[in-house]
Amino acid sequence: MSEEKATRAPVLDPIERASEAIFGVLMAVTVTGSLSVATAGRHEIQTMMLSALGCNLAWGLTDAVMYLVDAATEKNRRTMLLRRLRETTDLRAAHRMVADALPEDFAGGVHEETLEAIRKRLVAIPVAERALTARDYAAALRVFVVVVVITFPVVTPFLFISSAPVAIRVSNALALATLYACGHLVGQYTGGIAWRYGLAIAALGAGLVAVIMALGG
């Protein structure tokens with residue numbers, strides 16, 4: 001991949017953005033769902049909103065840090081692969097390394113000639129320590145922002161609707177709409193039927209929230 005293409009590549013692909021948004025919605029809905037509509041006053045609602053925001057702040061930070069850990073691990077794995085390919089003199093072993101690095105669905109159908117061509121291309125790449133880059137930190141920041149910002153559609157109804165039961169229904173509707181939008185995005189990205197993906201993700205999200213609440217989450 002050329003440097004120019006790498007520069008133009010999105011910091012997070014649609015699957016990653018949708019996954020982080022879904023995670024944030026589920027966390028927020030779990031907190032808002034703990035509100036008792038029978039006894040909820042303004043103090044309880046404010047506490048719930050702060051809890052939802054604090055929860056997603058904490059998990060957004062955790063998710064961002066784990067993204068950097070994963071990125072560093074993957075860079076190290078690739079560096080070690082290049083070094084091993086350079087050091088080995090056994091072509092069969094080198095081809096197995098290349099095949100193991102390929103997606104499982106592709107590896108079995110790749111001929112020896114293709115594996116050798118890939119090996120030659122890889123050993124020509126200079127081996128250097130792969131430190132985290134500005135793009136990695138930008139991606140981690142995007143992860144944090146997505147998880148935190150997605151909290152607001154879920155808690156905003158409680159700012160403008162005085163009736164707790166109505167606010168919860170509106171909040172849940174917005175959460176389902178957000179989940180549907182995430183699924184729709186995934187469907188478009190994968191080339192599937194977008195609206196089916198949207199409905200499936202919304203239904204899955206509703207089911208997960210129900211399970212989490214039943215387990216005391």
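On one side of helix H6, Glu113, Lys120 and Arg121 are exposed. Turn to the other side and you find Leu115, Glu116 and Arg119, which are buried. Keep in mind that this is a predicted model. Here's a tour that starts with H6, then moves on to the whole protein and its nonpolar cores.

**Helix H6**

- H6 covers residues 112-123, so count 12 residues in this helix, at the 1.5 Å a residue used for its expected span.
- From the first C-alpha to the last, H6 reaches 16 Å, close to the 16 Å expected.
- Which residues of H6 are buried? They are Leu115, Glu116 and Arg119.
- Looking down the axis of H6, you'd see its buried residues fall within an arc of 100°, so they line one face of the helix.

**The protein as a whole**

- The protein has 11 helices and 0 strands, so if you're hunting for strands, the DSSP runs give you none.
- Reading from the N terminus, the order of elements is simply α-α-α-α-α-α-α-α-α-α-α.
- There are 217 residues in the protein, and 32% of them count as buried.
- Take the contacts with a separation of 6 or more: 72% of them are between residues 24 or more positions apart.
- The accessible surface adds up to about 13,100 Å², and carbon and sulfur atoms hold 64% of that.

**The largest nonpolar core**

- This core has 17 residues, and the ones touching the most other members are Ile22, Val25, Val29 and Leu179.
- Three elements give two or more residues to this core: helix H2 (14-32), helix H10 (164-190) and helix H11 (194-214).
- Which helix gives the most to this core? That's H2, with 7 residues.
- Val29 is worth a look in the 3D view: setting aside neighbours within four places in sequence, Val29 is in contact with Val154, Asn172, Ala175 and Val209.
- Apart from this core lies another one, made of 10 residues, including Met48, Ala52, Val155 and Ile168.

**Helix H2**

- Is H2 mostly covered or mostly uncovered? It's mostly covered, since 14 of its 19 residues are buried, meaning under 20% relative accessible area.
- At 1.5 Å a residue, the 19 residues of H2 should span 27 Å, and the C-alpha atoms at its ends are indeed 27 Å apart, so the two values agree.

Key:
Residues numbered from 1 in each chain as written. Predicted model: local features only at pLDDT ≥ 70, side-chain atom pairs only at ≥ 80, totals over all residues. Heavy atoms only, no water. Helix = DSSP H or I, 4+ residues; strand = E, 2+ residues; numbered from the N terminus. Buried < 20%, exposed > 50% of the residue type's maximum accessible area, 1.4 Å probe, protein only. Contact = heavy atoms within 4.5 Å. Areas by Shrake-Rupley, 256 points an atom, 1.4 Å probe, with all protein chains shown as cover. Core = buried A, V, L, I, M, F, W, Y, C linked by side-chain atoms within 4.5 Å. Arc of directions from axis to C-beta.
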